[in-house]
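Thanks for taking a look at this one with me. Below are my notes, set out point by point so that you can check each against the coordinates.

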Amino acid sequence: MRKFKKKKHKYEVIPQLRVEEMAAEGKCISRHDNLVVFISDVAPGDVVDVRVTKKRKNYLEAVPVHFHEYSEARTQPFCEHFNVCGGCKWQHIPYDTQLFYKQKQVNDNIERIGKITGHEMLPILPSDRVSFYRNKLEFTFSGNAWLTKEQIDSGEDLDRRALGFHVPLRFDKIVDIQHCYLQPAPSNEIRLAVKNYARENNLPFFDLVKQEGFLRNLIIRTANTGDLMVIVQVFQDRPEWLIPLLDFLRQEFPQISSLHYVINSKGNETFHDLEVVCYHGDPYIHEQMEGLRFRVGPKSFYQTNSEQTYNLYKLTREFAVLNGHETVYDLYTGAGTIANFVARSAAQVVGIEYVASAIEDAKINSQINDITNTHFYAGDMKDVLTHDLFAKHGRPDVIITDPPRAGMHPDVVAKLLEVKASRIVYVSCNPATQARDLEMLADLYDVVKIQPVDMFPQTYHVESVALLTLRS
């Protein structure tokens, strides 16, 4: 008779692993049978049983299922939704420890991926605020809220209509948020008031799977000028439901200076290609730094930690070493915030950005600040950085580049090596792709110094600013 080998359960449990240290993307490391085990939602020093969720040749991925010992390095999370909503994944890690591992993340990436040596690694710049630091949040409606195990076990008949955040890796599951520590007042008050109004008036909450309902999304933007923007996104054009809700918001929150709505019948919540209607107030709000005002519309990008953004931009300007005579090229300029911020310290600034609407914002931001030495162009970076542009504005003395998480395209790196600006200031939200790009630039450039910056406390994300000088 043929014997069959007993098949192991796909999701085996490994008992009593001691967590060793933090790794990339907020996961921690342990080891088992000569394999590295990446574990989410734990802290260095924890002793845990873990369930394997992914097997590879050289490593495993796992989640904790039982804690035998909690690390002395832990701290008590301050949010009741910690570890459920998917945000603030490091609330159980003391802030000093968060900074240590963020600094280590930048350093490890620079050395291992970028193979960069001989540079100065400056200590990480912490955020003064570790809670209530965001100026923008997006909340999603759902008629079928995600329930925790405790809620299920309680047996209570709960109202499943929710307004909150997506559960990690579950596009269709929303955690009903009671209090969020990310955005200052009146963010929580507005969200709860809208939810209660919708429940009391039986407005249909959207079903992400069935693609039916009415209320889809609520966006709140709070500015450091005191301006306040609210955007209500709905699935159907039902003015008999929408207008009373908007009037309710106007009455209950007279401080709303910019109130909008979007009718979105698409399969997703993105509205960059849809009309945004200004129902009340100004069609935009303003952020301010160093006497400059930046106009922020419903579709505009603006860094979400306003206070730390100011520190980031000051650092960028400092690294650029401007004396008023330089031609600066600002790549991935977005709404021109960095370009306009450094313009008063340079002869001229040329900003380039792929998104045409962002370039229009950049031009407006120059106009409202009476800045006349900026020039903005929309298009693919490698196609805009041409000899015609250099003939018109001159070759750059300094290049500032602030690419998205994916980093710079190899063609853009090749163009920078061709241009040979004296200095490059590389602002990055992803130290891994920054390190990759620095290695490619190492043919002609030396990395002088690197400054990690914490823009997002309670998360594993970290910014990194690098100064490169052309090798003589």
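The points below go from domains to the annotated site, then to cysteines, rings and backbone.

1. **Model and domains.** Please keep in mind that this is a predicted model. The domain assignment of the protein chain gives domain 1 (13-74), domain 2, which is made of two segments (96-130 + 290-470), and domain 3 (136-285). Between the C-alpha centres of domain 1 and domain 3 the distance is 36 Å.

2. **The annotated cysteine.** The UniProt record, an unreviewed entry, puts the feature "active site" at Cys429. Cysteine 429 sits in the loop that runs between β21 (423-428) and α11 (431-441). Is cysteine 429 buried or exposed? Neither label fits: its relative accessibility is 21%, so cysteine 429 counts as partly exposed, given that buried means under 20%. Beyond the residues up to four places away in sequence, cysteine 429 touches Pro403, Pro404, Arg405, Val462 and Glu463.

3. **Leucine 438 in the helix that follows.** Leucine 438 belongs to helix α11 and is buried, with a relative accessible area of 1%. With neighbours within four places in sequence set aside, the contacts of leucine 438 are Ile110, Ile116, Tyr426, Val447, Ala466 and Leu468. If you want a long-range distance to check, the C-alpha atoms of leucine 438 and arginine 221 are separated by 35 Å, and the two residues are 217 residues apart along the chain.

4. **Cysteines without partners.** How many disulfides does a search of the whole structure find? The search returns zero. For background, a disulfide is a covalent bond between the sulfur atoms of two cysteines. Cysteine 28 is in no disulfide, and its nearest cysteine sulfur, that of cysteine 88, is 17 Å away. Cysteine 28 counts as buried, at 0% relative accessibility. For cysteine 180 the nearest cysteine sulfur is again that of cysteine 88, here 6.3 Å away, and cysteine 180 is in no disulfide either. The cut-off for a disulfide is 2.5 Å between sulfur atoms. Cysteine 180 is buried too, with a relative accessible area of 7%.

5. **Cysteine 88 itself.** Cysteine 88 deserves a look for its backbone: phi is positive, about 50°, although the residue is not a glycine. Cysteine 88 is placed in the loop between β6 (59-69) and α1 (95-113), and it is buried, with a relative accessible area of 13%.

6. **Another positive phi.** Valine 321 also has a positive phi of about 50° and is not a glycine. Its place is the loop between α5 (306-320) and β17 (327-331). With a relative accessible area of 48%, valine 321 is partly exposed.

7. **Aromatic pairs.** The structure holds 14 aromatic pairs. One of them joins phenylalanine 100 and tyrosine 101: the ring centres are 5.0 Å apart and the planes are at 85°, so this pair is edge-to-face. Tyrosine 101 is buried, its relative accessible area being 14%. In the pair of tyrosine 197 and phenylalanine 248, the centres are 4.7 Å apart and the planes are at 25°, so this pair is stacked. That pair links distant parts of the chain, with tyrosine 197 in helix α3 (residues 187-200) and phenylalanine 248 in helix α4 (residues 239-252), 51 residues apart. Both tyrosine 197 and phenylalanine 248 are buried. Elsewhere, ring pairs link Phe78, Phe132 and Tyr181 into a cluster.

8. **Arginines over rings.** Two placements are worth viewing. Arginine 191 lies over the face of phenylalanine 139, at 5.1 Å from the ring centre. Arginine 216 lies over the face of phenylalanine 206, at 4.4 Å from the ring centre.

9. **A cis peptide and the residue after it.** Which residues does a cis peptide bond join? The bond is between alanine 185 and proline 186, with omega at about 10°. Proline 186 is found in the loop between β10 (170-176) and α3, whereas serine 187 is in helix α3. Serine 187 counts as buried, at 1% relative accessibility. Outside its neighbours within four places in sequence, serine 187 is in contact with Leu137, Phe139 and Ile220. Phenylalanine 139 is also the ring under arginine 191.

Methods. Residues are numbered from 1 along each chain as its sequence is written. This is a predicted model: local features need pLDDT of at least 70, side-chain atom pairs count only at pLDDT 80 or more; totals for chains, interfaces and linings use all residues. Side-chain values use heavy atoms; hydrogens and water are left out. UniProt positions are given in the numbering used here, feature names are shortened, and annotations may be inferred rather than shown by experiment. Helices (H or I, at least four residues) and strands (E, at least two) are DSSP runs, numbered from the N terminus. Buried means under 20% relative accessible area, exposed over 50%, partly exposed in between (1.4 Å probe, protein chains only). Contact means heavy atoms within 4.5 Å. Rings of Phe, Tyr and Trp (its six-membered ring) pair if their centres lie within 6.5 Å; planes under 30 degrees apart count as stacked, over 60 as edge-to-face and the rest as tilted. A charge sits over a ring if NZ of Lys or CZ of Arg is within 6 Å of the ring centre and within 35 degrees of the ring normal. Domain bounds come from an automatic or database domain assignment.
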